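Colleague: I am new to this structure. Please pick one part and take me through it closely, then show me how it sits in the whole.

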Amino acid sequence: LDSTNDNSKGRGKGKHSRNNSNNSVVSAASWNGPKRKTFGTKMMTLYHVTDKKAADAISKSGKMIRGSAGMFGGGIYFAESIQSAVYKSEHKGGWVITAKVLVGKEHTVAGATAGKFDFQKLKSLGCDSVNAPKGSGGGKPERVVYNWDQVQ
């Protein structure tokens, strides 16, 4: 996990660069992730924006904890680019978290009407994450995991 302040209101700063690829897949060889069984092995570099207090806690603990609510349930929400993460964020001018995420086998949804998910529901579907290619509607892709051990 790496965090950088984004005071640019839409442009990534620091050592982050624009992610022009929708296929920013991370080498599985660099992953030390879940000790538990997962349904897939796909890894991606993804982005999340949060406030300074949460960024400090994430940096100190090395863990991202899922939220209690969200369009697709209480999870850890990610975007595929810094720009999308900043746009979707409730924390304008917040801290950009760059993370390696095990998306594994994805449950792809069409949008906001897909319903709510959690770790157990995804497990029953044989999936590791939610992939919303159009976000909650006609927007940018969104990815959601529901367990901290899928994020490095």
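Modeller: Start at N131. Setting aside its neighbours within four places in sequence, N131 is in contact with E106, H107, T108, V109, E142 and R143. Keep in mind that this is a predicted model. N131 lies in strand β6, which covers residues 129-132. Buried here means under 20% relative accessible area. N131 has 10%, so N131 counts as buried.

Two of those contacts deserve a longer stop. E106 and R143 form a salt bridge with each other, and their closest N and O atoms are 2.0 Å apart. This pair links distant parts of the chain: E106 sits in strand β5, R143 sits in strand β7, and their positions lie 37 residues apart in sequence.

E106 has another partner. Its side chain meets that of K42 in a salt bridge, at 3.3 Å from N to O. K42 lies in the loop between β1 (2-5) and β2, while E106 is in β5 (residues 106-108), so this pair ties together parts that are 64 residues apart in sequence. K42 is partly exposed, because its relative accessible area is 31%.

R143 has another partner too. E80 forms a salt bridge with R143, with 2.8 Å between the closest N and O atoms. E80 is in the loop between β3 (76-79) and α2, and R143 is in β7 (residues 142-145), so parts 63 residues apart in sequence are tied together here. E80 is buried, because its relative accessible area is 6%. R143 also counts as buried, because its relative accessibility is 6%. Now put the pairs together. Through shared partners, the salt bridges join K42, E80, E106 and R143 into one network. A search of the whole structure finds 5 salt bridges.

Next, follow K42 to a neighbour. G104 touches K42, along with G40, T41 and D128, when residues up to four places away in sequence are not counted. G104 has its place in the loop between β4 and β5. Its relative accessible area is 7%, so G104 is buried. The C-alpha atom of G104 is 7.3 Å from that of C127, and 23 residues separate the two along the chain.

R143 leads the other way, to I76. With residues up to four places away left out, I76 touches R143 and a list of others, including M64, I65, V144, V145, W148 and V151. I76 also belongs to the largest nonpolar core. That core has 13 residues, and the members touching the most others are L46, M64, I76, F78, V101, V145 and V151. Four elements each supply at least two of its residues: β2, α1 (52-61), β3 and β4. β4 gives the most, with 3 residues. Another core lies apart from this one; it has 10 residues, among them F72, V109, V144 and Y146. As a general point, nonpolar side chains tend to be buried together in soluble globular proteins.

Two of the contributing strands also pair. β2 and β4 (residues 95-102) run antiparallel and are joined by 8 bridges. Within this pair, Y47 stands opposite T98 in β4. β2, at residues 43-50, is mostly covered, with 7 of its 8 residues buried.

For contrast, look at Y87. Y87 is found in helix α2, residues 82-88. Its relative accessible area is 66%, so Y87 is exposed. The C-alpha atoms of Y87 and K140 are separated by 9.6 Å, although the two are 53 residues apart along the chain.

Finally, step back to the whole. The protein has 3 helices and 7 strands. From the N terminus on, the order is β-β-α-β-α-β-β-α-β-β. Of its 152 residues, 45% count as buried. The surface it exposes comes to about 8100 Å², and carbon and sulfur atoms supply 51% of that. Among contacts with a separation of 6 or more, 72% involve residues 24 or more positions apart. The links from K42 to E106 and from E80 to R143 also join parts that are distant in sequence, by 64 residues and 63 residues.

How values were computed
Residues numbered from 1 in each chain as written. Predicted model: local features only at pLDDT ≥ 70, side-chain atom pairs only at ≥ 80, totals over all residues. Heavy atoms only, no water. Buried < 20%, exposed > 50% of the residue type's maximum accessible area, 1.4 Å probe, protein only. Pairing = 2+ DSSP bridges. Salt bridge = Lys/Arg side-chain N within 4 Å of Asp/Glu carboxyl O. Contact = heavy atoms within 4.5 Å. Areas by Shrake-Rupley, 256 points an atom, 1.4 Å probe, with all protein chains shown as cover. Core = buried A, V, L, I, M, F, W, Y, C linked by side-chain atoms within 4.5 Å.
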